[in-house]
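Subject: Structure handover

Hello,

Here is the structure I promised, with the sequence alongside. My notes on the fold follow below.

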Amino acid sequence: MSEEKKSGIIYECVRCGTKVTSEELISLPEIKCICGYKVFKKARPPVVKQIKAV
Ligand SMILES: [Zn+2]
């Protein structure tokens, strides 16, 4: 079993909705969206468990 949990945190700009990973935020000189806003909320990670509804 392999889980991809390490870099799963996604943040979303509350103003424009641009999604940024935590890694990208860390690599930035300033935690700031491309729109200039600095408020992010946590968004769901892109990796979603797929459940077969059969
Ligand atoms: Zn933004």
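Two strands count as paired if DSSP finds at least two bridges between them. With that in hand, the sheet is easy to describe. Three strands make an open sheet in the order β2-β1-β3, and the pairing is antiparallel. β2 and β3 are the edge strands, since each of them pairs on one side only. From one strand to the next, the twist averages 40°.

Please keep in mind that this is a predicted model. The mean pLDDT of the protein chain is 84. Of the residues, 80% score at least 70. Among the elements, β1 has the highest mean pLDDT, at 94. Helix α1, residues 22-27, has the lowest, at 88.

**Overall layout**

The protein chain has one helix and three strands. Along the sequence they follow the pattern β-β-α-β. There are 54 residues in the chain, and buried ones make up 6% of them. Take the contacts with a separation of 6 or more: residues 24 or more positions apart account for 47% of these.

**The strand pairs**

Start with β1, residues 10-13, and β2, residues 19-21. This pair is antiparallel and has three bridges. Tyr 11 has Val 20 of β2 as its bridge partner. Glu 12 stands opposite Lys 19, also in β2. The two strands form a hairpin, with five residues between them. Gly 17 sits in that turn and has a positive phi of about 80°.

Now the other side of β1. Here the partner strand is β3, residues 40-43, again antiparallel, with four bridges. Glu 12 turns up here too: its bridge partner in β3 is Lys 41. One general point to remember when you look at the side chains: in a regular strand they alternate between the two faces of the sheet.

**Lys 19 and Ala 43**

These two residues are worth viewing together. Lys 19 is in strand β2, and Ala 43 is in strand β3. They are 24 residues apart in sequence, yet 7.9 Å apart in space, C-alpha to C-alpha.

Which residues does Lys 19 contact, leaving aside its neighbours within four places in sequence? They are Ile 10, Glu 12 and Ala 43. On the same basis, Ala 43 is in contact with Ile 10, Tyr 11, Glu 12 and Lys 19.

Is Lys 19 buried or exposed? Neither: Lys 19 counts as partly exposed, because it has 14 C-beta neighbours inside 10 Å, and a buried residue needs 20 or more while an exposed one has 12 or fewer. Ala 43 is also partly exposed, because 15 other C-beta atoms lie within 10 Å.

**Ile 9**

Ile 9 lies in the segment before β1. Its C-alpha atom is 7.4 Å from that of Ala 43, although 34 residues separate the two along the chain. Ile 9 also comes to 5.8 Å from Ser 22, C-alpha to C-alpha, with their positions 13 residues apart in sequence. Ile 9 is partly exposed, because it has 15 other C-beta atoms within 10 Å.

**Tyr 37**

Where is Tyr 37? Look in the loop between α1 and β3. Tyr 37 touches Cys 13, Arg 15 and Cys 16, not counting residues up to four places away in sequence. The C-alpha atoms of Tyr 37 and Val 14 are separated by 8.1 Å, and the two residues are 23 apart along the chain. Tyr 37 is partly exposed, because 13 other C-beta atoms lie within 10 Å.

**In short**

β1 lies between β2 and β3 in the sheet order. Glu 12 stands opposite Lys 19 on the β2 side and bridges to Lys 41 in β3. Lys 19 and Ala 43 are in contact.

Best wishes

Notes. Residues are numbered from 1 along each chain as its sequence is written. Axes are lines fitted to C-alpha atoms, for helices over the stretch in contact, and angles run from 0 to 180 degrees between N-to-C directions. pLDDT is the predictor's confidence in each residue, from 0 to 100. Two residues are in contact if their C-beta atoms, placed from the backbone, lie within 7 Å.
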